[in-house]
Amino acid sequence: MSRRYDSRTTIFSPEGRLYQVEYAMEAISHAGTALGVLAKDGVVLAAERKTASKLLENISHEKIYKLSDSICCAVAGITADANTLINNCRLHAQKFLFRYNEAIPVEQLVQNLCDLKQGYTQYGGLRPFGVSFLYAGWDEHFGFQLYHSDPSGNYSGWKATCIGGNSSNATSLLKQDYKEEGLTLAEAKSLAIKVLAKTMDGTSLTSEKLEFATLSRNASGKVVIHTFSPEEIDALLKEENVQATATATGESA
């Protein structure tokens with residue numbers, strides 16, 4: 001039945017479904033896991049790198065990107081599609097800064113990008129972007145925020161969420177361990193590492209397979225986006241006893 005209605009993004013099936021949008025979401029489910037955790041004093045983004053090689057330069061980023069001085073994002077899906085949308089976000093953020101001399105509100109930037117993504121599900125000759133985003137940011141209106149958007153153009157705010165492969169398992173773990181009263185940034189980092197260690201494919205979690213970033217404010221109130229180096233990721237994994245546990249599990253198997 002679906003083959004009669006999936007040739008174009010503009011055709012609804014009799015059940016009211018847009019199959020091309022669903023196929024785009026299916027592509028995301030095969031991508032590396034990315035998760036975000038909202039804390040009282042910041043936001044944590046962590047993501048699984050699918051391209052792990054000793055020959056790969058550590059300066060390259062596959063999953064986590066800076067959009068403006070107060071907003072960053074993690075992606076899951078087709079990286080080439082993500083690059084186009086990231087450039088659009090950066091351009092819009094800088095236009096807003098130039099015009100109003102202040103940083104763009106987080107939700108406004110998210111909504112602008114989702115308007116673009118929604119357009120690609122409505123007009124003939126186009127295909128949906130095969131990528132989902134997690135946005136972490138801070139503004140003076142709502143403080144620290146975490147948003148998720150998908151290829152349909154929908155977006156929503158979250159306390160903690162996950163996209164990509166094994167996202168359902170990771171979301172279940174986040175539901176169990178997230179405290180209703182909120183987390184500190186240190187607790188959010190610990191939770192992110194714990195969830196990824198349990199849901200990522202493979203026997204061990206290393207800096208080669210992981211990207212990690214935090215968004216917080218310093219003593220003067222300036223937003224700081226810190227992308228962890230491989231050495232810092234290894235130190236964080238050691239602090240959480242993740243590598244030792246994963247290695248022991250691999251040996252016992």
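**Exercise 1. Find the residue that stands opposite V37, and the pairing it belongs to.**

Step 1. Work in the predicted model. Go to V37 and look across to strand β8: the residue opposite is A160.

Step 2. Place V37 in its strand. β1 covers residues 34–39.

Step 3. Read the pairing. β1 and β8 run antiparallel and share 4 bridges.

**Exercise 2. Work out the strand order of the sheet that holds β1 and β8, and name its edge strands.**

Step 1. List the strands. The sheet is open and has 5 of them, in the order β8-β1-β2-β9-β10.

Step 2. Check the sense. The pairing is antiparallel.

Step 3. Go to the edges. These are β8 (160–163) and β10 (223–227), and each pairs on one side only.

Step 4. Add the twist. From one strand to the next it averages 10°.

**Exercise 3. State which helices touch this sheet, and at what angles they run.**

Step 1. Start with α5, residues 185–199. This helix lies across β1, β2 (42–48) and β9 (210–217).

Step 2. Take its direction. α5 runs at about 20° to β2.

Step 3. Move to α6, residues 230–239. This helix packs on the sheet and touches β9 and β10.

Step 4. Take its direction too. α6 makes about 90° with β9.

**Exercise 4. Trace the pairings of β4, then decide whether β4 is enclosed or open.**

Step 1. Begin with β3, residues 64–68. β3 runs antiparallel to β4, and 4 bridges join the two. I64 stands opposite A74 in β4.

Step 2. Look at the connection. β3 and β4 make a hairpin, with 2 residues between them.

Step 3. Turn to β5, residues 131–139. β4 and β5 pair in the antiparallel sense over 7 bridges. Here A76 stands opposite S132 in β5.

Step 4. Judge burial. The cut-off for buried is under 20% relative accessible area. In β4 (residues 71–77), 6 of the 7 residues are buried, so the strand is largely enclosed by the rest of the structure.

**Exercise 5. Summarise the whole protein: elements, burial, contacts and surface.**

Step 1. Count elements. The protein has 7 helices and 10 strands.

Step 2. Take burial. Of its 253 residues, 46% count as buried.

Step 3. Take contacts between residues at least 6 apart in sequence. Of these, 61% join residues at least 24 apart.

Step 4. Take the surface. The accessible area is about 13,100 Å², and carbon and sulfur atoms account for 50% of it.

Methods
Residues numbered from 1 in each chain as written. Predicted model: local features only at pLDDT ≥ 70, side-chain atom pairs only at ≥ 80, totals over all residues. Heavy atoms only, no water. Pairing = 2+ DSSP bridges. Axes fitted to C-alpha atoms, helices over the stretch in contact; angles between N-to-C directions. Contact = heavy atoms within 4.5 Å. Buried < 20%, exposed > 50% of the residue type's maximum accessible area, 1.4 Å probe, protein only. Areas by Shrake-Rupley, 256 points an atom, 1.4 Å probe, with all protein chains shown as cover.
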